[in-house]
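Please open the model in a viewer and keep the sequence at hand. The tour below proceeds by selection, with a description of what is found at each stop.

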Amino acid sequence: MRITDTSDLWWKSAIIYCLDIETYLDSDGDGVGDLAGLAERIDYLAQLGVNTLWLMPFYPSPDRDDGYDVKDFYGVDPRLGNHGELLEVIRTAHSRGIRVVADLIINHTSDQHPWFVASRRSTSNKFRDYYVWREDDPGDTSAEVVFPGEEDGIWTKDDRTGEWYLHHFYQHQPDLNVANPEVMDEILRAIGFWVELGIDGFRVDAVPFLLQNSETATTPTMYVDPHDVLRQIRDFLGRRKGDAMLLGEVNVPHEEQFKYFGEERGDELHMMFDFIAMQATYLSFARQDPAPLIKALETRPEIHPTCQWATFLRNHDELTLDKLTDDEREEVFAAFGPEEEMRVYNRGLKRRLPPMFAGDPRRIRMAYSLMFSLPGSPTLYYGEEIGMGEDLAAHGRMSVRTPMQWDTSRNGGFSSAPPSRLIQPPVGDGFGPEHVNVADQEHDPGSLWSFMRTLIGLRRRRPEVGWGEFSVVEHDAPSVLAHRMQLEESYVLAVHNFSADGATVSLSGLLGEQDVVEDLLDGESVVAHDGGLELALDGYGYRWFRVVQPPA
């Protein structure tokens, strides 16, 4: 395989970087990050090495759910800038070899969206069927809410018409009726609009709720197969921009995820976040035992060769642990969230990784080395590259949505506004800007930023990890995961020690006499012994190797 072959399916080699424009860089001193500020930092992202930029919602919004409550699918929130400034971001990113992915919210809108404003005026209004309404009292639906304790149920009575509307999230986010062909036409029209402006793909929000909304439908005409919806979007996107990509937020068991890929056909989502592997990773971290992660990786379904998993350790939401058993979740809580204020909805953590690891650089680097070595495309949430912490005083998921820390100046270089005017205060503890920032790290070869840049460079140069066939390498050290990604006549071998104690690992039967072994992190040639490798790993140690085999 030639390295040039990877460009057709670019998402299989993507290094994704997610950011919220309003917390990245404020260019005009009003306390809110903006598109002009982001444009100033595109070269920073290029220097880091990422090749895909995922923008959290930038659409006009009341901002009651950090922009996910959209009131105009075609607009740009004036707090952030305008269409011209967004185009400058996209053009500048493209000129640096960075593709741009936008959030696509098709499950719901804001209650201030003109469709819903019209929908609630009367039961006969044209826009009534843009949403899901019912005449009868739904009863107690508190067990079905997404955010326990923040809503009483998933139906809210509208006083004007005396009927109830559906909202799986907040009551200010009414669910769309995607079974209505007019709603689907509007969604596709919006997708086409952003593609014409240069967007390269979409991260599709809350995909499984398309199914749940169908199951909650009050009439047969409101039922729609969510897989039909995804195929419609995929087909439309392929016609408008053949190399555009769909990345789904699908937190369901692997066998269900397989369906959202389009099963053997691979004709629905191109990519999905692997929530199962992420949760198993934290259980492995808590136990200092790779077994849960190994099980999660080995039980992944075999997906279509044009599809890809997105791997991650952190995202913009709570660190959900909902697919673990109650006992397993308590193990992770005991290790990384022992205090109640560190948890959210009793199913996840509102923390970033470095504070969970008490700032231990060995463990932090092992975790990111592991993430980058796993089969799939790695996804970083802004600030991970420098080891940012969280603000536990912030409500729920907002604890990890603090301003980017650029330097040691006031507000961490995020904004020149008075602190009282900031969209959110910076972290104030030992992970605050005076201790953790870009300026101190980007010129320090020993910093976490430099290490992350090295990992990103490795992934971009070694297509084996994104494209190769995964297998676990057997050995007798229980705290160590050794795995390889095989691609034609070469493979990458990665070895990670989950324990604070050192370990010696004997990997036998791996190598042929003519195989060439390269140490990818140290850059040294390695001499194989009797067809294998014997490695001494420090506590939380890790090694990467590339093995080139002679042609058959």
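Which residue in β20 is the bridge partner of leucine 507? Leucine 533 is that partner. Please bear in mind throughout that this is a predicted model.

**First stop: β18 and β20**

Select residues 503–507, which form strand β18, together with β20; the two strands run antiparallel and are joined by five bridges. Next, display the side chains of β20, residues 533–537. In a regular strand the side chains alternate between the two faces of the sheet. Strand β20 shows this alternation: Leu533, Leu535 and Leu537 point to one face and are buried. Glu534 and Ala536 point to the other face and are not buried.

**Second stop: β14 and its partners**

Now select strand β14, residues 377–381, where five of the five residues are buried. Are the faces of β14 covered or uncovered? Both are covered, with Ser377, Thr379 and Tyr381 buried on one side and Pro378 and Leu380 buried on the other.

Add strand β1, residues 16–19, which pairs with β14 in the parallel sense over three bridges. Within this pairing, isoleucine 16 stands opposite threonine 379 of β14. Then add strand β10, residues 308–311; its pairing with β14 is also parallel and extends over two bridges. Here alanine 310 has serine 377 of β14 as its bridge partner.

**Third stop: glycine 49**

From isoleucine 16, move to glycine 49, which is 33 residues away along the chain; the C-alpha atoms of the two residues are separated by 10.0 Å. Glycine 49 is placed in the loop between α2 (42–48) and β2 (52–55). Is glycine 49 buried or exposed? Glycine 49 counts as buried because its relative accessibility is 11%, and the cut-off for burial is under 20%. Leaving aside neighbours within four places in sequence, the contacts of glycine 49 are with Ile456 and Arg460.

**Fourth stop: α13 against α15**

Select helix α15, residues 448–461, and helix α13, residues 361–373. Two packed helices are described by the angle between their axes and the distance between the axes. For this pair, the axes come within 10 Å and cross at roughly 15°. Helix α13 is therefore roughly parallel to α15, as angles under 35 degrees count as roughly parallel. The crossing is right-handed.

To view the contact, display Ile364, Arg365, Tyr368, Ser369 and Phe372 on α13. On α15, display Leu448, Phe451, Met452, Leu455, Ile456 and Arg459. By class, this contact comprises eight nonpolar residues, one polar residue and two charged residues. Ile456 has already appeared on this tour, as a contact of glycine 49.

**Fifth stop: glutamine 257**

Proceed to helix α8, residues 254–260, and select glutamine 257 within it. This residue is buried, with a relative accessible area of 0%. Not counting residues up to four places away in sequence, glutamine 257 touches Val250, Val252, Met272, Phe273, Asp274, Ile276 and Trp309.

**Last stop: a sheet of three strands**

Finally, select the open sheet with strand order β4-β6-β5 and antiparallel pairing. Which strands lie at the edges? They are β4 (133–134) and β5 (155–158), each of which pairs on one side only. Strand β5 runs antiparallel to β6, residues 163–166, and four bridges join the two. At this pairing, display aspartate 158, which stands opposite glutamate 163 in β6.

Key
Residues are numbered from 1 along each chain as its sequence is written. This is a predicted model: local features need pLDDT of at least 70, side-chain atom pairs count only at pLDDT 80 or more; totals for chains, interfaces and linings use all residues. Side-chain values use heavy atoms; hydrogens and water are left out. Axes are lines fitted to C-alpha atoms, for helices over the stretch in contact, and angles run from 0 to 180 degrees between N-to-C directions. Angles under 35 degrees count as roughly parallel, over 145 as roughly antiparallel, 65 to 115 as roughly perpendicular and the rest as oblique. A crossing is left-handed if the near helix is turned anticlockwise from the far one by less than a right angle, and right-handed if clockwise. Contact means heavy atoms within 4.5 Å. Ala, Val, Leu, Ile, Met, Phe, Trp, Tyr, Cys and Pro count as nonpolar, Asp, Glu, Lys and Arg as charged, and the others, Gly among them, as polar. Buried means under 20% relative accessible area, exposed over 50%, partly exposed in between (1.4 Å probe, protein chains only). Two strands pair if DSSP finds at least two bridges between them.
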